[in-house]
Amino acid sequence: MSQSSVDLPPKGGFSFDLCKRNDMLTQKGLKAPSFLKTGTTIVGLIFQDGVILGADTRATEGPIVADKNCEKIHYMAPNIYCCGAGTAADTEAVTDMVSSQLRLHRYQTGRDSRVITALTLLKKHLFSYQGHVSAALVLGGVDISGPHLHTIYPHGSTDTLPFATMGSGSLAAMSVFEAKYKEGLTRDEGIKLVAEAICSGIFNDLGSGSNVDICVITKGHKEYLRNYMEPNPRTYVSSKGYTFTKKTEVLLTKITPLSERVKVVEVAGEAMEE
Amino acid sequence: MSIFEYNGSAVVAMVGKNCFAIASDRRLGVQLQTIATDFKRISKIHDHLFIGLSGLATDVQTLYQRLVFRHKLYQLREERDMKPETFASLVSAILYEKRFGPYLCQPVIAGLGDDNKPFICTMDSIGAKELAKDFVVSGTASESLYGACEAMFKPDMEAEELFETISQALLSSVDRDCLSGWGGHVYVVTPNEIKERILKGRMD
């Protein structure tokens with residue numbers, strides 16, 4: 001057992017102490033594990049009153065669908081949301097971390113967060129890890145200076161665009177945008193276009209699938225439409241269900257009764273008698 | 001061969017009506033040789049929270065000891081047990097901390113939260129949480145388990161029916177995987193009791 005202060009909870013950031021052992025295992029011929037990726041189609045566009053973000057809901061682990069309905073639109077601030085593609089743990093961790101930093105910044109400045117603040121915090125973090133934190137993000141929001149939409153690549157480069165797509169289904173979605181996008185879209189036209197772009201990713205890209213999530217952000221108001229469209233419902237469920245004629249053989253049963261969880265209430269103000 | 005296939009494992013958790021079940025196989029192997037048939041993969045954190053860990057056995061045991069340590073500290077400070085959602089966030093943070101040299105295991109967390117509402121979740125080896133409302137699977141037999149659970153699962157099952165379903169799903173999936181099996185270990189937890197059962201399976 002090492003003498004290092006393993007008993008204190010760590011200060012934060014990454015810890016590299018298992019790297020040597022994992023390298024040794026890889027050299028012995030054992031392949032490293034694959035991580036949960038969000039194959040994904042994520043899109044964003046700017047319409048006349050603000051920003052609309054869209055994402056599919058499939059999470060893959062290699063060729064297997066691990067989660068049929070995951071959430072890829074992450075909260076950053078009341079007026080800023082971020083869609084994430086790439087390694088799922090990285091997108092979740094990086095958006096949670098920047099969301100906390102933005103909240104602390106709001107408390108310090110007393111003002112609403114700006115999209116460009118979130119952008120700079122994200123790109124600085126991703127660049128410093130030189131692309132090893134594999135998170136490709138579409139960041140959108142409406143702040144005091146208007147609606148903004150940015151894309152952030154895993155190595156830390158960013159783009160500012162009126163409409164953007166990322167992920168394995170980005171080409172399918174971009175083809176829809178390039179054909180049908182125009183400036184000054186209304187809310188309903190914008191939602192319809194985003195849903196169409198995500199659907200083209202869902203049906204044509206194998207890494208994206210399941211349902212469409214949409215988030216509409218306008219000045220002072222946001223709407224998170226979870227599962228806005230479900231173009232892939234499961235219709236083949238048998239109503240009878242499974243009946244098992246041969247029961248499983250049990251070798252040993254151990255029952256532990258649990259005591260009821262009792263709530264202790266302090267009775268106030270009963271002074272002791274002399 | 002992948003690092004996860006070194007020891008072999010299968011863990012599954014399912015949600016029922018105000019109850020949950022978590023099950024695992026019992027084999028511990030070193031590649032193709034079996035060295036134990038009673039390996040404990042599912043551990044209790046507190047009366048209403050269980051964690052099953054699949055993957056490299058040494059990391060399974062180390063990670064379990066670390067998590068019990070953190071939970072005991074939490075109990076001392078807060079004078080209560082951790083909620084399952086909080087525990088899932090703790091496990092996710094501990095795994096992500098080792099993002100570039102990860103623990104080679106995949107946890108399956110199952111617990112009863114407030115109002116006895118069942119909670120299950122699984123993560124990959126770097127802490128990407130995957131919450132589900134029906135079932136979660138992990139281990140070398142995970143592909144078969146996905147198929148079996150998808151077919152056999154029904155929402156709102158009572159404890160006895162849930163036990164039967166999860167056992168059948170586990171045994172049929174590990175029968176198709178060389179690296180896991182040698183029986184099953186199932187915990188069915190309701191608000192009033194924990195029922196732990198050992199299943200008889202194929203010993204090959």
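Student: What makes a residue pair between chain A and chain B count as a polar contact, and how many such pairs are there?

Tutor: A polar contact is a pair of N or O atoms within 3.5 Å; within protein, one must be able to donate a hydrogen and the other to accept it, and residues adjacent in sequence count only if both atoms are side-chain atoms. Between chain A and chain B, 18 residue pairs are in polar contact, with both residues at pLDDT 80 or more. Please bear in mind that this is a predicted model, where local features need pLDDT of at least 70, side-chain atom pairs count only at pLDDT 80 or more, and totals for chains, interfaces and linings use all residues. Side-chain values use heavy atoms, leaving out hydrogens and water, while residues are numbered from 1 along each chain as its sequence is written, and chains are lettered from A and ligands numbered from 1 in the order in which they are written.

Student: Which elements of chain A supply at least two residues of the side that touches chain B?

Tutor: They are α1 (19-27), β5 (64-67), α2 (88-109) and β14 (250-257) of chain A; helices (H or I, at least four residues) and strands (E, at least two) are DSSP runs, numbered from the N terminus. The largest share, eight residues, comes from β14(A).

Student: How many residues on that side of chain A are nonpolar, polar and charged?

Tutor: There are 29 nonpolar, 11 polar and 15 charged residues. Here Ala, Val, Leu, Ile, Met, Phe, Trp, Tyr, Cys and Pro count as nonpolar, Asp, Glu, Lys and Arg as charged, and the others, Gly among them, as polar.

Student: How many residues does each chain bring to the contact?

Tutor: With contact meaning heavy atoms within 4.5 Å, chain A gives 55 residues and chain B gives 58 residues. Together the chains bury about 5000 Å², 58% of it on carbon and sulfur atoms; buried area is the accessible area (1.4 Å probe) that two parts lose on being put together, summed over both.

Student: Why is the pair Arg99(B) and Asp90(A) called a salt bridge?

Tutor: The term asks for a side-chain nitrogen of Lys or Arg within 4 Å of a carboxyl oxygen of Asp or Glu. The N to O distance of this pair is 2.5 Å, so the definition is met. There are seven salt bridges between chain A and chain B, and 22 over all chains.

Student: Why does the pair Arg234(A) and Glu150(B) join two chains?

Tutor: Arg234(A) lies in the loop between β13 (221-229) and β14 of chain A, and Glu150(B) in helix α3 of chain B, so the pair links two chains. Their closest N and O atoms are 3.1 Å apart.

Student: What makes β14(A) and β12 (residues 193-199) of chain B a strand pair?

Tutor: Two strands pair if DSSP finds at least two bridges between them. These two share seven bridges in the antiparallel sense, so they qualify. Pro257(A) is bridged to Glu193(B), and Thr256(A) to Ile194(B).

Student: What is the strand order of the open sheet of six strands?

Tutor: It is β14(A)-β12(B)-β11(B)-β2(B)-β1(B)-β10(B), with antiparallel pairing. β14 of chain A and β10 (135-139) of chain B each have a single partner strand, so one side of each lacks a neighbour in the sheet. The twist averages 10 degrees from one strand to the next, where axes are lines fitted to C-alpha atoms, for helices over the stretch in contact, and angles run from 0 to 180 degrees between N-to-C directions.
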